[in-house]
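Q: Could you take a close look at one part of this model for me, the charged side-chain pairs, and then carry on to how two of the chains meet?

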10 protein chains.
Amino acid sequence: MLYHVRMDVRPPHGIDPARLEALKAEEKERSQALQRAGKWPHLWRIAGQYSNVSIFDVADHDELHALLSTLPLFPFMEIEVTPLARHPSAI
Amino acid sequence: MLYHVRMDVRPPHGIDPARLEALKAEEKERSQALQRAGKWPHLWRIAGQYSNVSIFDVADHDELHALLSTLPLFPFMEIEVTPLARHPSAI
Amino acid sequence: MLYHVRMDVRPPHGIDPARLEALKAEEKERSQALQRAGKWPHLWRIAGQYSNVSIFDVADHDELHALLSTLPLFPFMEIEVTPLARHPSAI
Amino acid sequence: MLYHVRMDVRPPHGIDPARLEALKAEEKERSQALQRAGKWPHLWRIAGQYSNVSIFDVADHDELHALLSTLPLFPFMEIEVTPLARHPSAI
Amino acid sequence: MLYHVRMDVRPPHGIDPARLEALKAEEKERSQALQRAGKWPHLWRIAGQYSNVSIFDVADHDELHALLSTLPLFPFMEIEVTPLARHPSAI
Amino acid sequence: MLYHVRMDVRPPHGIDPARLEALKAEEKERSQALQRAGKWPHLWRIAGQYSNVSIFDVADHDELHALLSTLPLFPFMEIEVTPLARHPSAI
Amino acid sequence: MLYHVRMDVRPPHGIDPARLEALKAEEKERSQALQRAGKWPHLWRIAGQYSNVSIFDVADHDELHALLSTLPLFPFMEIEVTPLARHPSAI
Amino acid sequence: MLYHVRMDVRPPHGIDPARLEALKAEEKERSQALQRAGKWPHLWRIAGQYSNVSIFDVADHDELHALLSTLPLFPFMEIEVTPLARHPSAI
Amino acid sequence: MLYHVRMDVRPPHGIDPARLEALKAEEKERSQALQRAGKWPHLWRIAGQYSNVSIFDVADHDELHALLSTLPLFPFMEIEVTPLARHPSAI
Amino acid sequence: MLYHVRMDVRPPHGIDPARLEALKAEEKERSQALQRAGKWPHLWRIAGQYSNVSIFDVADHDELHALLSTLPLFPFMEIEVTPLARHPSAI
């Protein structure tokens, strides 16, 4: 089942730069593992912003929440989820 | 080049129902031609709304505007365009 | 799977009153059939507004959209869908 | 009497992690006691967010405020309350 | 139990003026009956707007909704309800 | 002359707890003195929020501003003022 | 006492042009009479919009509401009122 | 002096199509005359919307308002004006 | 040329109180010098808020920006500028 | 290809002033290099705000994001990007 997810990353001022870099590296690794597993089929950068638009393909809401809420940068992200249905004109 | 496009369809009260159905049929046909041509690679329905999330893959802003502004339902849509860049973590 | 749905009903000025009453009657009948089928387990009126808060329990996004988009008052409603996951403190 | 309550948890950057964990544990205990007492009949997680949607069933506004304002995480939550009336189509 | 209610009156363009005047007269009569009954203890005009701020004192959400939703101007009003609790500093 | 005032209290993270408690105690004393003087005839808590709705009855805008801007918690409050006129249907 | 008032004029589509012109002429006459009487000391056009920013100098909220609500274009205006106090740095 | 102007064109449903086309043709002619006169040095279409971003170069606010408020489509446009100053890093 | 300027002062938590008082004193001095010079003809306090509404009368956008951006409290203010044109009904 | 970019600079309270000045100097140098290279053809200050409106002329979304996300002040800016197409009335 597909979900449209927008993530805006907002690291707080004063965060330890080394810790932030470590979290970003973990986030990248985690994200690529999920992409390879087919759970995160699309990941795009919004031009000019520290934000992304993603498509997730997971079994249900619980799996989606489990994946998102354990992302290393989750505490510093604003996330908006939109459930996607099949469009009658899609081929 | 990829663009994220959200379209909310708002047909005005009082529109002739037959004209609206005709416009919807033309819209579907136009949308499917663009999908087949690779210009509109993704089209999803937002669950519970007369809205869609789409990804367009076109040469430039002018081509995008030409495609969107000639959609049969364009006069009745609110459209929001977001340019998408490659994400450094995308595989 | 559970979805939180808020519906705000906005009948346009100038709608034929008899048609509106007929649509409301159909909406009620449809809503009660879905409640009896277990698809719409909660339906509450927001005090002071022509709006409701509902919980739907359906198989997936497509079923949710199919149910909502065929409600008789759908053309006159603003609908907002929020996917609900299990809360770790829920008993 | 039923109230729809949305809570968004926003722990401030710089809060002591041990204190936060302790508050979360107290919050969970408190929440489950209220659920068992029938005061908090529904508690759902909003997918992708550190937020919940809850239904409270209490005697009046004063009791609701007393319960919410003494939750351990209350100082770090944005809370929105919506009074729910019986819906004429509810079965 | 007290509720804070804001009502913004938005008569649609094209409404028959005589009908609107009749509705306003009924609204006034209804409002004054509720004031005399102690259900609507405060009613103020927001300066410069066709809007009011009101305090209702009723048994529960259902009674509030029953009163508000049968006001003659209800179909042309945007209404916002806020439940009021006792303030610990109120004397 | 009546003014509708909404106050949302937002103590900053990191404020010294003892200082905050002292300010709250002064605020309560100040508020009750103004209530007894008839300047602050109504004070209600918004259920679920660290916010109040108040009615002030003062001579003019300058007196209102003098009272509000010297409240002990003023630096930590968002305040919205709405001037109230007599409603033609008020009895 | 001074009030800051912003008025946005929104004539509905379909209004009879002759009636609108008549209302505008009455509005101008009324506005100029109030300016000459010292009640409306400042009236500015917001560049690029059918809107104005005004300063009113009247006895109280009731007089302000009486003046604004009887302006010929009142039914087609969105009005926002802000009470102005003396600024401690004003000379 | 430079002004940043955003115009969103919102023709009302029900406008006579021939009249709308005539207004658009006049608007184009007027716009091009102002461009040739150096008053409207930049005019861009916002991709996907019936909107433009423009830069005007005029003597003062009054000239700007005179130009904008006499555009043929002015009654159907939402216009937002932002005054532009020289940027210290501009070359 | 006239500009409508709204300034909301938001001193950050943790600013040194002595420094803030010094900045306020400089701001007052600067403001009064500009008032005496005729550049800042009106300055009003918004009742209940640490905000003002001002009218500036300067040669052009560059002079306005130079004045505003060098105010001592500029780093702690949200500022909104609206260009004012002559109103056709102003006397 | 042209992009309209608005940048609002929001340096956090507590940033080291020397570091901020160094970042501003680097930003200026970087901005002027991009202007000379024809990538950033317009740069204007929004009067009264620490914000700019810019026009970028780059090959595609990726180049735009690469330029913006490496600006020295990027971590302290809110950036909004709008793709600009040719306007049919532009000469």
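A: Let's start in chain D of this predicted model, where the side chains of D:K24 and D:E21 form a salt bridge, N to O at 3.6 Å. Both residues belong to helix α1 of chain D (residues 17-36), and they sit three residues apart, about one turn of the helix. As for accessibility, D:K24 comes out partly exposed, with a relative accessible area of 29%. Its partner D:E21 is partly exposed too, at 48%.

Now hop to chain A for another kind of pairing. There A:E63 and A:K39 bring their side chains together in a salt bridge of 2.7 Å, again N to O. This pair ties distant parts of the chain: A:E63 is in helix α2 (residues 61-69), A:K39 is in the loop between α1 (17-36) and β2 (42-46), and 24 residues separate them. The lysine, A:K39, is partly exposed, with 27% relative accessible area.

Chain H has a pair worth a look as well: H:D8 and H:R6 make a salt bridge whose closest N and O atoms are 3.1 Å apart. Here H:D8 is buried, because its relative accessible area is 10% and the cut-off for buried is under 20%. H:R6, on the other hand, is partly exposed at 26%. Counting over all chains, the structure holds 30 salt bridges.

So how about the meeting of chains B and A? The count of salt bridges between those two chains is zero. What you do get is 14 residue pairs in polar contact, both residues at pLDDT 80 or more. On the chain B side that touches chain A, at least two residues each come from β1 (2-9), α1 (17-36), β2 (42-46), β3 (51-57) and β4 (77-86). That side of chain B breaks down into 13 nonpolar, nine polar and four charged residues. In all, 26 residues of chain B contact 26 residues of chain A. The area buried between the two chains is about 2,300 Å², with carbon and sulfur atoms giving 66% of it.

Finally, the symmetry. A turn of 180° with a shift of 0.0 Å along the axis lays chain B on chain A, with an RMSD of 0.0 Å. The two copies are therefore related as by a two-fold rotation axis. And since 100% of chain B's interface residues are also interface residues in chain A, the copies meet through the same surface.

How values were computed: Residues numbered from 1 in each chain as written. Chains lettered and ligands numbered in written order. Predicted model: local features only at pLDDT ≥ 70, side-chain atom pairs only at ≥ 80, totals over all residues. Heavy atoms only, no water. Least-squares fit on C-alpha atoms with pLDDT ≥ 70 in both. Contact = heavy atoms within 4.5 Å. Salt bridge = Lys/Arg side-chain N within 4 Å of Asp/Glu carboxyl O. Helix = DSSP H or I, 4+ residues; strand = E, 2+ residues; numbered from the N terminus. Buried < 20%, exposed > 50% of the residue type's maximum accessible area, 1.4 Å probe, protein only. Buried area = accessible area lost by both parts, 1.4 Å probe. Polar contact = N/O pair within 3.5 Å; in protein donor to acceptor, adjacent residues only side chain to side chain. Nonpolar A, V, L, I, M, F, W, Y, C, P; charged D, E, K, R; others polar.
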